[in-house]
Amino acid sequence: MKTFIIPAIAFGVVILILAAVVSKNPSEKSVVTQAKNNVRMEKGKQVVEIRAKGGYSPSITSAKANIDTILLVSTEGTFDCSASLTIPSLGYRTILPPTGETKIKVPAQKKGSTLQALCSMGMYNFQVQFN
């Protein structure tokens, strides 16, 4: 009986330690970042900069409505699923280069609209909210 109790207690302690470690590290999916300095005007168009690696950053951007927009998606050693970018409302799909910049033309969007982009698996996403 003792030979069963000691391993069972040890196993229980290991499970409790693992549960404590996992609960302190929230998944990347739950991290929401919002930036105010990733939008700039260039030659009469607004440029929205997004970084793709282990997700998209920032995950929420506010931009001006009724202005042609360019999404500038930057990668640097990106080999995860965020390299496979989809923007359903534009019918846009691409595989981003592992390192570099990809420019995506976005026609002027109405005030109050939101452009949603995501990876091919739907794990990572970002939004551009037009105000």
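Me: A strand here is a DSSP run of E covering at least two residues, and strands are numbered from the N terminus. What makes strand 3 and strand 4 a pair?

Reply: Two strands pair if DSSP finds at least two bridges between them. Strand 3 (residues 45-52) and strand 4 (residues 56-57) are joined by 2 bridges, so the condition is met. They run antiparallel, and R51 stands opposite S57 in strand 4.

Me: What is the origin of these values?

Reply: They come from a predicted model, in which local features need pLDDT of at least 70 and side-chain atom pairs count only at pLDDT 80 or more, while totals for chains, interfaces and linings use all residues. Residues are numbered from 1 along each chain as its sequence is written, and side-chain values use heavy atoms, with hydrogens and water left out.

Me: How do you know that strand 3 is joined to strand 6?

Reply: DSSP gives 7 bridges between strand 3 and strand 6 (residues 69-76), so the pairing requirement is satisfied. These strands run parallel, and the bridge partner of V48 in strand 6 is L71. V48 also stands opposite V39; strand 2 (residues 39-42) and strand 3 are antiparallel and share 4 bridges.

Me: What lies between strand 2 and strand 3 in their hairpin?

Reply: There are 2 residues between them, and K43 in the turn has a positive phi of about 55°. The hairpin of strand 3 and strand 4 has 3 residues in between, with G54 at a positive phi of about 65°.

Me: Why is N38 called buried?

Reply: Buried means under 20% relative accessible area, with a 1.4 Å probe and protein chains only. N38 has 6% relative accessibility, so N38 counts as buried. N38 lies in the loop between strand 1 and strand 2. Beyond four places in sequence, residues in contact with N38 (heavy atoms within 4.5 Å) include V48, P58 and T61.

Me: What makes the approach of N38 to T61 a polar contact?

Reply: A polar contact is a pair of N or O atoms within 3.5 Å; within protein, one must be able to donate a hydrogen and the other to accept it, and residues adjacent in sequence count only if both atoms are side-chain atoms. The side chains of N38 and T61 make such a contact at 3.0 Å.

Me: Why does T78 count as buried?

Reply: T78 is at 1% relative accessibility, so T78 counts as buried. T78 lies in the loop between strand 6 and strand 7, and its side chain reaches the backbone oxygen of A52 at 2.5 Å and the backbone nitrogen of E76 at 3.4 Å.

Terms used. Buried means under 20% relative accessible area, exposed over 50%, partly exposed in between (1.4 Å probe, protein chains only).
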